[in-house]
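Q: I've got a model open here and would like to talk through a sheet and the cysteines. Can you take it piece by piece?

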Amino acid sequence: MVRTPGPSAVKGLRAGRGPDPDFAGLLSEHAGYVAALEAAGIAVTVLDPLATFPDALFVEDPALVFREGMAVLLNPGVPSRAGEVAELAPALAEHFEQIETLAEGHADGGDVLVMPGRAFIGLSARTDRAGAKELARILELFGLATTIVTPPPGVLHLKTACSLIDAETVLATGAIARSGLFADYCVIEVPADEEGGANVLRLADRVLMGSGYPRIADLIAGHGAEPVPLETGAIAMIDAGLTCMSLRW
């Protein structure tokens, strides 16, 4: 499930200063992302833009979904995004029989890395401890063991700095790799000058990644997966990654 960006998306939240992305470029990159999902054999539901919510194309922040037929409506940590949850709920109700709601605190889906049988919840400016604890309680109802972690300083979302390559392997920035957060897993450290490409999206034997990170592509290929580079220059200007633009189950 994805949401097409509206013109207001160019004013999306960002941690640093910089020019707005070109809207045509944003649309083109989003279309390329959808095409890559479909090329991997995934059926894609495309939701309409939400003009009043610039960040609504990042559908993974207000919700989590699981293939077992369960979903969680979250509570984004930025007030301007709170209304996205109600907008997304009807679309999720068409696919999921069990939908839980975060009743306390704040949590963004970008701070949740789900592994087989386990989920890591990262504390951030968008996910507070109350929200992390409430989300942990809900995920444990789903049979997922949970670990609340504190990423190194300067990390926007946990998955900004790390992502899955396979069920036992995490691609991570140097700071995450050295933090010991994933001591029980194989960790592949991205080169220091390619840390902007640490967020990738695994789809079976393919891994969607940002173009312009040739050594990350080599690392992925060396691990037995097929790297699929996508243009992400405009999307990166509003602090987006590949995992946050879709809900997958």
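Q: How many bridges join strand S10 to S11, and do they run parallel or antiparallel?
A: In this predicted model, strand S10 (residues 169-172) is joined to S11 by 4 bridges, and the two run parallel. Strands here are DSSP runs of E with at least two residues, numbered from the N terminus, and two strands pair if DSSP finds at least two bridges between them.

Q: Which residue in S11 does Ala172 stand opposite?
A: Ala172 stands opposite Glu189.

Q: What's the order of the strands in the sheet?
A: The sheet is open and has 3 strands in the order S9-S10-S11, with mixed pairing. Strands S9 (162-166) and S11 (186-189) are at the edges with a single partner strand each, so one side of each has no neighbour in the sheet. From one strand to the next the twist averages 30°, taken between N-to-C directions of lines fitted to C-alpha atoms, on a scale from 0 to 180 degrees.

Q: Changing topic, how many disulfides does the structure hold?
A: It holds 0 disulfides, where a disulfide is a pair of cysteine sulfur atoms within 2.5 Å.

Q: Why is there no bond for Cys162?
A: The closest cysteine sulfur to that of Cys162 is in Cys244, and at 13 Å it is too far for a bond.

Q: Is Cys162 buried or exposed?
A: Cys162 is buried, at 0% relative accessible area; buried means under 20%, exposed over 50% and partly exposed in between, with a 1.4 Å probe and protein chains only. Cys244 also counts as buried, at 10% relative accessibility.

Q: Any caveats on numbering and cut-offs?
A: Residues are numbered from 1 along each chain as its sequence is written, and side-chain values use heavy atoms, leaving out hydrogens and water. Local features need pLDDT of at least 70 and side-chain atom pairs count only at pLDDT 80 or more, whereas totals for chains, interfaces and linings use all residues.
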